[in-house]
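Open the model in your viewer and keep the sequence panel in sight. Each stop below gives you something to select and tells you what is there.

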Amino acid sequence: MARPMTPDQWLKALRAEGVTDIVEMPGWRTNNRNHKGSWGDVHATMIHHTAGEGTGLPTWCFNGNAALPGPLCHDFLARSGRLYLVGNGRANHAGTVARNAYDAVRNESARHPAPDAAEPIDGNAISYGLECENDGSPARTWPAKQYDVAVRVQAARCRFHGWSADSVWAHKEATRRKPVDPRLPMDQFRRDVAERLAHPASWSPGDASTSPSKEDDMPLSDADIRKVADAVVDRLLGKDVFDAPADAADYSPDPKSPRHYWSGRSVFADLVTRTRRIDRALAALTKKES
């Protein structure tokens, strides 16, 4: 049970969720059908497809027609990913819905059953509605941007009300009158909403920095870096297996002494030192001959 969001709350929630391409249609804040019936408490947020495509759809969703007056949804999502704010309050988007479908979203059930034939529930009174531009044909794709924004919109509703992703339903899950509305795999869609809800609202897919399951990496100190480097060299050359040269500063003639042997790191350091000596000697000889 939840009181519907105010227009300002909805805008704030959308922007926090990363929805930035927003068009506020003039008059959307008071565009509703509240005079025809109750609006709220709300228990779910529904997704639809428009079953048609075109530039006039935002206006159509806002006004409706003589047979079905607008608003026909709360939000209209174009294929470009642009979101139009259409209405605030009761909207003609869901119609009547089945009791078992309503109970599933109200109780946030992980199972969304096929809707019963009887439809005693006024879906317009208890559910938000998002219309997405798609003609509904089997081969018609959903652009990645549009799909991403649809997930963000539904996650924003759920996050504000403290709902799980199982408060999201499709029109096809609420009534037998709309068997393919929308033509989306809803279990996957809800999983994508749930993934968003598992992160802060500012999260985007692929952004590992805000993953709740990933611990922040601690920066390595200079000492840690030296230990790692020594371990790598020792792994490559073997540790403490080289006889230290007698002219080494830390050499010990006692084979039982740790200073009688060198680690791989000491070997490399000695090689660098001796190579530089040779370079200097060759340079001196070259200069003398010239």
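Start by selecting Glu 108. This residue is partly exposed, with a relative accessible area of 31%. In this predicted model, Glu 108 belongs to the loop that runs between helix H3 (99-106) and strand E6 (121-122). Check its backbone too: phi is positive, about 55 degrees, although Glu 108 is not a glycine.

Now go to Ala 51, another stop for backbone angles. Its phi is positive as well, at about 65 degrees, and Ala 51 is not a glycine either. You will find Ala 51 in the loop between E2 and H2. Is Ala 51 buried or exposed? Ala 51 counts as exposed because its relative accessibility is 54%, and the cut-off for exposed is over 50%.

Next come two peptide bonds. Select Gly 40 and Asp 41 together: the bond from Gly 40 to Asp 41 is cis, with omega near 0 degrees. Asp 41 sits in the loop between strand E1 (22-24) and strand E2 (44-49). Then select Gly 70 and Pro 71, where the peptide bond is cis, again with omega near 0 degrees. Here the loop holding Pro 71 is the one between helix H2 (57-63) and strand E3 (75-77).

Show the cysteines Cys 61 and Cys 73 as sticks. How many disulfides are there by the distance rule? The count is 0. A disulfide is a covalent bond between the sulfur atoms of two cysteines. Cys 61 is in no disulfide, and its nearest cysteine sulfur, that of Cys 73, is 4.0 Å away. Cys 73 is likewise in no disulfide, with the sulfur of Cys 61 as its nearest cysteine sulfur at 4.0 Å. The pair is not counted because the rule asks for sulfur atoms within 2.5 Å. Cys 61 counts as buried, at 0% relative accessibility. Cys 73 also counts as buried, at 0%.

Turn on a surface and look for the largest pocket. Which residues lie nearest its centre? Select Leu 68, His 93, Glu 131, His 171 and Lys 178; these are the ones nearest the centre, out of 19 lining residues. The pocket holds about 340 Å³ of space. Colour its lining by class and you should get 5 nonpolar, 10 polar and 4 charged residues.

For the enclosed space, select Met 5, Trp 10, Gly 87, Asn 88 and Arg 157. A search of the whole structure finds 1 cavity of 30 Å³ or more, and these five residues are the closest to its centre among the 13 that line the largest cavity. About 70 Å³ of space lies inside the largest cavity. Its lining is made up of 6 nonpolar, 5 polar and 2 charged residues.

Finish by zooming out to a cartoon of the whole protein. You can trace 9 helices and 10 strands. Of its 290 residues, 43% count as buried. Among contacts with a separation of 6 or more, 70% are between residues 24 or more positions apart. Bring the surface back for a last view: the accessible surface comes to about 15,800 Å², and 54% of that belongs to carbon and sulfur atoms.

Conventions: Residues numbered from 1 in each chain as written. Predicted model: local features only at pLDDT ≥ 70, side-chain atom pairs only at ≥ 80, totals over all residues. Heavy atoms only, no water. 1 Å grid on protein atoms, 1.4 Å probe; cavity = no way out; pocket = protein on both sides within 12 Å on 5 of 7 lines; lining within 4 Å. Points joined across faces, edges and corners; volume = space filled by probe spheres on them. Nonpolar A, V, L, I, M, F, W, Y, C, P; charged D, E, K, R; others polar. Buried < 20%, exposed > 50% of the residue type's maximum accessible area, 1.4 Å probe, protein only. Helix = DSSP H or I, 4+ residues; strand = E, 2+ residues; numbered from the N terminus. Contact = heavy atoms within 4.5 Å. Areas by Shrake-Rupley, 256 points an atom, 1.4 Å probe, with all protein chains shown as cover.
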